[in-house]
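Reader: Hi! Could you walk me through this model? I'd like to start with charged pairs and then move to the ligand.

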Amino acid sequence: MELKEVLLRRRSIRRFRPDPVPEEYIMELLEAARLAPSGTNLQPWRFVIVESREMRQRLSECTYGMTFIAQAPVTIVCCADLKSIEKRPQRIAELRQAGAFAGTPLESINLEDYLKQRSMDINAARAYLSLNVAIAIEHIVLRATDLGLGSCWVMMFNQKEVKKLLGLGEELIVVALVPVGFPDQDPPPRPRLKVEDILLKRV
Ligand SMILES: Cc1cc2nc3c(=O)[nH]c(=O)nc-3n(C[C@H](O)[C@H](O)[C@H](O)COP(=O)(O)O)c2cc1C
């Protein structure tokens, strides 16, 4: 599908057919996530695939009424790894090695020093890493549409309960749950603001 068509066709799907999602499709979704851009190439996204009937049911019970999580054959639990920020020097070195900064002002500044000066507190780091994970999540959602699958961002869940259910460590924040499966509904486009409502100015 053309990208424009994917953008036009994507919907939040909240009713799924019971048909399983082929294994290669699940891998394609993870591959789409893997290719996402991230600040200093931190790649802070981590995923848990929930597919057993029992765990799907228990996961849905950690949400605020999102029963379609139990119905979807697969839910991708999308997390941010807080520890990934410690890998910044390594990620920068890889980028430098790969020539990403060649011919730009980034080539000459000492990025390690720059980042040390601009170190983030824990809340800023959580927000920054979640922002990066959101990009990978939207890659998953768009690739799912491309493959004929439906999906839905779900953030109405209890963070503590999901982490406990899945045995996730302190370093992980659950950013969103993404149920995936073949759609059993074909919703119309949802309302959107007009371009003139979102374009503040051109200067
Ligand atoms: C960050 C984010 C969080 C969302 N959380 C939920 C959620 O918890 N439950 C839900 O049913 N839909 C959720 N949605 C889906 C939105 O309701 C949906 O994207 C919006 O109504 C527009 O509809 P569309 O996606 O079909 O275009 C979320 C979407 C985003 C991007």
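Author: Happy to. Arg-9 forms a salt bridge with Glu-5, with 2.7 Å between the closest N and O atoms. A salt bridge here is a side-chain nitrogen of Lys or Arg within 4 Å of a carboxyl oxygen of Asp or Glu. This is a predicted model, where local features need pLDDT of at least 70, side-chain atom pairs count only at pLDDT 80 or more, and totals for chains, interfaces and linings use all residues. Residues are numbered from 1 along each chain as its sequence is written, and side-chain values use heavy atoms, with hydrogens and water left out.

Reader: Thanks! How are Arg-9 and Glu-5 separated in helix H1?

Author: They are 4 residues apart in helix H1 (residues 3-9), so about one helical turn separates them. Helices are DSSP runs of H or I with at least four residues, numbered from the N terminus.

Reader: And is Arg-9 buried or exposed?

Author: Partly exposed, at 49% relative accessibility. Glu-5 is also partly exposed, at 31%. Buried means under 20% relative accessible area, exposed over 50%, and partly exposed in between (1.4 Å probe, protein chains only).

Reader: What does Arg-58 form a salt bridge with?

Author: Glu-54, and the closest N and O atoms are 3.0 Å apart. Those two sit 4 residues apart in helix H3 (residues 53-60), about one helical turn. Arg-58 is partly exposed at 39%, while Glu-54 counts as exposed at 52%.

Reader: Which residues do shared salt-bridge partners join into one network?

Author: Glu-28, Arg-143 and Asp-146. The structure holds 8 salt bridges.

Reader: Switching to the ligand: how many residues surround it?

Author: There are 13, and the closest are Arg-10, Ser-12, Arg-14, Trp-153 and Arg-192. A residue counts if one of its heavy atoms lies within 4 Å of the ligand.

Reader: What classes make up that shell?

Author: It has 7 nonpolar, 1 polar and 5 charged residues. Ala, Val, Leu, Ile, Met, Phe, Trp, Tyr, Cys and Pro count as nonpolar, Asp, Glu, Lys and Arg as charged, and the others, Gly among them, as polar.

Reader: Where does Ser-12 come in?

Author: One of its polar side-chain atoms lies 2.6 Å from a ligand oxygen. A backbone N or O atom of Met-155 is 2.9 Å from an oxygen atom of the ligand.

Reader: Nice. How much of the ligand does the protein bury?

Author: The protein buries 68% of the 620 Å² that the ligand exposes when taken alone. Those areas come from the Shrake-Rupley method with a 1.4 Å probe.

How values were computed: A polar contact is a pair of N or O atoms within 3.5 Å; within protein, one must be able to donate a hydrogen and the other to accept it, and residues adjacent in sequence count only if both atoms are side-chain atoms.
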